[in-house]
Amino acid sequence: MLKVHSFIFNAFQENTYIVYDEKGLCAIFDPGMSNYEEEATFASFIEENNLKPIALYNTHCHIDHVLGNHFIFEKYGLIPQFHEGEVPVLVAVQNMAPMYGFRYETSPIAETFLEESQVIEIGKHKLRILLIPGHSPAHLCFYSAPEGFVIGGDVLFRNSIGRTDLPGGDHQQLLDNIRQKMYTLPEETVVYPGHGPSTTIGFEKGTNPFVRG
């Protein structure tokens with residue numbers, strides 16, 4: 001069984017996730033820690049639970065989701081993995097960070113890139129990659145069918161959706177992708193979003209004011 005632990009980091013109140021198995025192997029998703037205190041909070045959880053980080057994934061590369069990439073690389077030797085279409089988004093963070101007052105150490109660039117329908121593994125557990133652009137050019141979600149959850153990034157929130165007014169965003173594309181790729185998941189699927197509380201596919205299909213099922 002996989003466990004999902006979340007942290008709320010940086011001024012954007014971004015959700016950083018650790019997904020770990022019964023042996024302590026863990027994957028890190030969207031590390032958003034922006035200062036030493038947040039880094040210490042994250043590292044303490046890893047240490048106290050005897051976890052072994054094996055992979056770092058970015059759903060997309062907007063600033064609030066990659067602020068901790070360098071820290072994770074330095075601390076655990078993990079290079080971030082994401083879709084190749086997010087490279088320009090990541091590169092732009094270096095110029096953007098000072099505008100927001102963030103301390104930003106440049107993230108490594110992925111050595112290999114993730115693709116739609118690819119499967120990642122955490123121990124014996126498998127998560128399938130969904131390519132869902134619209135909020136960003138090549139946004140990925142990570143879906144575990146056996147465990148019934150999806151690491152959703154900034155695609156679908158509780159009664160909201162990801163903003164589409166940033167470079168590479170496309171409102172209609174996001175709506176279409178939510179209907180075709182998120183709303184086709186089982187209704188009991190838990191969505192762990194990039195901001196705010198978790199939700200379920202069924203709840204959003206029935207109540208989301210931006211895109212109904």
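Start by selecting His-5: across from His-5, in strand 2, stands Ile-18. Keep in mind as you click around that this is a predicted model. Now show strand 1 (3-9) and strand 2 (14-20). These two run antiparallel, and seven bridges join them.

Next, bring up the rest of the sheet. You're looking at five strands in an open sheet, ordered 1-2-3-4-5, with mixed pairing. Strand 1 and strand 5 (80-81) are the edge strands, so to speak the borders: each pairs on one side only.

Now for the helices. Select residues 36-48, which is helix 1. Helix 1 lies across strands 1, 2, 3 and 4, and runs at about 165° to strand 1. Want to try a ruler? Helix 1 has 13 residues, so at 1.5 Å a residue it should span 18 Å, and its end C-alpha atoms are indeed 18 Å apart.

Which residues of helix 1 are buried? Colour Glu-38, Glu-39, Phe-42, Ala-43, Phe-45 and Ile-46 to find them. Look down the helix axis: the buried residues fall within an arc of 155°, so they line one face. They pack against strands 1 to 4 and also helix 3 (69-76). Turn to the face pointing away from that buried side, and you'll meet the exposed Tyr-36, Glu-37, Glu-47 and Glu-48.

Zoom in on the ends of helix 1. At the N-terminal end, Asn-35 acts as a cap, with a side-chain oxygen 3.1 Å from the backbone nitrogen of Glu-37. Just after the helix, click Asn-50, which has a positive phi of about 55°.

Last stop: select helix 3, which lies across strands 3, 4 and 5 at about 150° to strand 4.

Note on methods: Residues are numbered from 1 along each chain as its sequence is written. This is a predicted model: local features need pLDDT of at least 70, side-chain atom pairs count only at pLDDT 80 or more; totals for chains, interfaces and linings use all residues. Side-chain values use heavy atoms; hydrogens and water are left out. Helices (H or I, at least four residues) and strands (E, at least two) are DSSP runs, numbered from the N terminus. The expected span of a helix is 1.5 Å times one less than its number of residues. Buried means under 20% relative accessible area, exposed over 50%, partly exposed in between (1.4 Å probe, protein chains only). The arc is that of the directions from the helix axis to the C-beta atoms. Contact means heavy atoms within 4.5 Å. A polar contact is a pair of N or O atoms within 3.5 Å; within protein, one must be able to donate a hydrogen and the other to accept it, and residues adjacent in sequence count only if both atoms are side-chain atoms. Two strands pair if DSSP finds at least two bridges between them. Axes are lines fitted to C-alpha atoms, for helices over the stretch in contact, and angles run from 0 to 180 degrees between N-to-C directions.
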